[in-house]
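User: I'm new to this structure and would love a close look at just one part of it. Could you pick a single stretch and walk me through it?

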Number of protein chains: 2
Amino acid sequence: MKNITIYDVAKKAGVSPSTVSRVMGSSNHPVSENVRSKILRVAKELNYIPNIQARGLKTQNNASVGVIIPSIDNPFYPQLVRGMSDVAVGHGFSIYLSNCDREYALTDLQVQTMLEHNIKGILSVYIDRTTPSLEQFVERGGILVSLCGRNFAYPGAYNFQTDKVREAEIAVEHLISLGHKKIALIINEINCQIRADKLQGYRQALQKSGIAFNERYLYVYQEEADLADNTKNGDADRGRASVQMLLERSPEVTAILCMNDIMALGVCAELRNRKIRVPEEYSVMGFDDSFFSEFTNPSLTTVALEKYEWGKTLMQFMIDRLEALPDRSDSREVPNDLLVPVHLVERESTGVPRTDNLVIRP
Amino acid sequence: MKNITIYDVAKKAGVSPSTVSRVMGSSNHPVSENVRSKILRVAKELNYIPNIQARGLKTQNNASVGVIIPSIDNPFYPQLVRGMSDVAVGHGFSIYLSNCDREYALTDLQVQTMLEHNIKGILSVYIDRTTPSLEQFVERGGILVSLCGRNFAYPGAYNFQTDKVREAEIAVEHLISLGHKKIALIINEINCQIRADKLQGYRQALQKSGIAFNERYLYVYQEEADLADNTKNGDADRGRASVQMLLERSPEVTAILCMNDIMALGVCAELRNRKIRVPEEYSVMGFDDSFFSEFTNPSLTTVALEKYEWGKTLMQFMIDRLEALPDRSDSREVPNDLLVPVHLVERESTGVPRTDNLVIRP
DNA sequence: AAGAAGAATGAAAACGTTTTCATTTCTATT
DNA sequence: AATAGAAATGAAAACGTTTTCATTCTTCTT
């Protein structure tokens with residue numbers, strides 16, 4: 001079961017291995033037409049398969065990029081990854097996918113592996129903490145492009161930013177424009193930049209409209225608790241649970257802004273359970289415009305980001321850098337025109353606030 | 001920017017490269033405790049990173065497995081992939097993810113790439129057509145494990161089967177048990193085994209109950225049409241569109257069985273649009289128990305498969321084979337006890353059939 | 001017709017490991 | 001105390017490429 005090598009085809013074609021290499025690889029060294037075609041023919045006959053490992057060993061390059069995301073099992077990411085994948089295969093690149101759950105140790109480990117595989121490009125999404133191996137990666141000249149919130153930048157990386165502050169502002173502004181003044185925000189513990197950004201946007205929007213920030217309308221909880229169960233995405237359940245708390249602690253609220261659409265779905269389901277109508281009694285909003293949000297009942301008002309487009313943009317950017325690798329003259333600036341904008345998608349789950357102040361049905 | 005190699009640490013530690021290799025790699029050759037610890041220490045000091053490409057070149061092994069799925073952008077797959085990923089990283093393996101859209105040419109290309117990367121294990125899910133490079137892969141001793149419908153088996157592969165026939169039967173049986181007799185089935189064009197299996201299950205269940213199969217209740221359409229738009233998952237829209245057709249062609253139907261939950265969601269949304277109630281007027285069912293199905297309104301009755309568990313099982317199986325690679329004494333039989341069962345999840349979208357035969361509201 | 005420039009080819013070293021085989025060092029048995 | 005055997009180490013070849021450098025073969029210019 002010996003592999004067919006460049007030597008085998010060289011022998012059969014009656015030329016030297018060097019020449020074969022020049023036609024099989026991406027060399028631009030000239031080689032005459034007839035020997036080229038002969039080599040190609042023989043290679044096909046022998047079913048020759050270039051050995052990327054050997055090539056990479058020599059060239060210190062391997063056509064693949066590592067993608068690190070929190071978890072593919074969050075509906076935000078599949079489309080993003082799909083966009084990345086599409087442009088990657090278009091350029092002959094492969095994708096190493098890695099779910100790190102935003103866990104420090106796990107991220108470090110995965111990057112370590114990528115380092116060992118001699119991967120030269122890492123695309124990290126919404127990971128807002130650097131690790132030793134990540135630092136080592138950029139130190140060794142690896143290309144790190146990161147997509148994160150507006151208040152975070154890796155040193156030495158190309159930092160794309162999605163403006164989560166603005167996203168949250170847009171959401172709250174929408175709610176305020178409908179007449180809401182008591183708006184609950186449900187988010188995870190603030191250990192992650194995105195969430196901090198969202199909180200900031202929330203406060204900013206309130207402030208702009210002269211509405212006082214009320215600590216009691218803020219629902220923050222630990223994520224760790226149910227991480228153990230990888231079997232399902234916990235956000236929906238967390239949405240459910242929050243409703244219970246909210247109804248006890250601040251039923252006077254008229255709108256509920258959720259961290260993402262899944263959570264909003266959970267909130268809606270629980271409200272429905274309790275025979276509370278959306279949006280007549282509570283308006284509910286999410287983020288991300290997940291694919292299902294258009295089809296739920298009521299359909300979800302949300303703030304959208306072109307995920308697929310983003311994925312494409314990021315990977316294209318990465319590949320451009322990768323293919324120009326030797327000269328790293330450019331700074332780590334990211335062109336502004338690559339920022340894909342964000343927009344409100346207004347659907348059925350939000351409406352004017354209820355007028356009566358009754359409610360309270362535990 | 002020269003790499004630190006095994007030679008560097010050998011020199012600094014005052015031993016030979018061979019010895020360093022033995023402690024850094026997974027050799028079981030004995031090496032004394034003091035030199036081992038010394039090497040380890042020096043390696044850490046120098047920030048030595050083993051070069052997997054070089055290792056792979058020598059050992060013809062690289063700790064990664066290729067995963068081929070139709071598209072990560074179909075909610076069935078993220079959880080499956082997550083399961084795979086979890087066990088893979090647990091064993092130090094990396095995942096090469098590849099979306100092939102069930103396209104022949106694309107699949108072939110991606111496998112070709114994996115071949116070039118010297119990947120020794122490919123996990124393929126619901127791809128029911130072999131390609132030249134896939135054949136070459138198994139010919140060269142690659143391990144192919146495939147998850148597919150019950151009527152399909154790759155030659156030379158470990159074939160896991162999910163029983164789509166049975167799944168469909170379960171669904172139809174449920175509907176029949178509620179009293180339905182006129183059951184529509186909406187599926188994609190039958191170029192894929194899963195769909196054929198589902199159709200078979202549908203017919204079988206009807207037959208068992210002595211209900212005649214009615215061609216008019218079968219809605220099949222081409223998938224190609226809107227594949228171009230990768231921006232969104234088209235099944236929901238197809239569900240929508242089907243409602244229109246169904247209402248024209250066979251409004252007498254009382255239950256609608258959809259290919260998957262996304263499609264069911266689309267169907268529900270369109271019915272709601274037309275003020276037609278689910279399940280009072282039409283029962284609607286899907287497949288897959290997607291994570292959102294529990295939270296929609298009405299929540300969806302569906303047939304579930306433990307996707308995360310399946311992913312783990314498959315990857316574990318793969319890694320076991322991979323680690324025992326040299327001896328391939330076993331046949332390609334797959335142990336029966338690894339079959340993860342399928343079950344009905346009864347929720348709100350199905351109920352007894354309406355009694356009046358009115359309807360028809362185009 | 002001679003020579004220069006360029007095009008096409010080949011030889012061989014290098015990339016960073018693993019592993020076989022040979023050698024040295026140790027331990028235990030007599 | 002001698003030696004068999006085991007344990008620990010090292011030297012060197014091999015894995016399959018790419019690429020530098022040297023060489024040969026063309027083709028043009030004068």
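Analyst: Happy to! Let's start at a small landmark: Asn47(A), just after helix 3 of chain A, takes a positive phi of about 60°. Please keep in mind that this is a predicted model.

Now step back into the helix itself. Helix 3 of chain A covers residues 33–46, which makes 14 residues. From its first C-alpha to its last it reaches 20 Å, close to the 20 Å expected at 1.5 Å a residue.

Which residues of helix 3 of chain A are buried? They are Ile39(A), Val42(A) and Ala43(A). Looking down the axis of helix 3 of chain A, you would find its buried residues within an arc of 105°, so they line one face of the helix. There is a general pattern to help you picture this: an α-helix has 3.6 residues a turn, so residues three or four places apart point the same way.

And what do the buried residues of helix 3 of chain A pack against? Their partners are helix 1 (6–13) and helix 2 (17–24) of chain A.

Turn to the face directed away from that buried side, and you meet the exposed residues of helix 3 of chain A: Glu33(A), Asn34(A) and Lys44(A). To put the two faces together, Val42(A) is among the buried residues, while Lys44(A) is exposed on the face turned away from them. Follow the chain on past the end of helix 3 of chain A, and you are back at Asn47(A) with its positive phi.

Note on methods. Residues numbered from 1 in each chain as written. Chains lettered and ligands numbered in written order. Predicted model: local features only at pLDDT ≥ 70, side-chain atom pairs only at ≥ 80, totals over all residues. Heavy atoms only, no water. Helix = DSSP H or I, 4+ residues; strand = E, 2+ residues; numbered from the N terminus. Expected span 1.5 Å × (residues − 1). Buried < 20%, exposed > 50% of the residue type's maximum accessible area, 1.4 Å probe, protein only. Arc of directions from axis to C-beta. Contact = heavy atoms within 4.5 Å.
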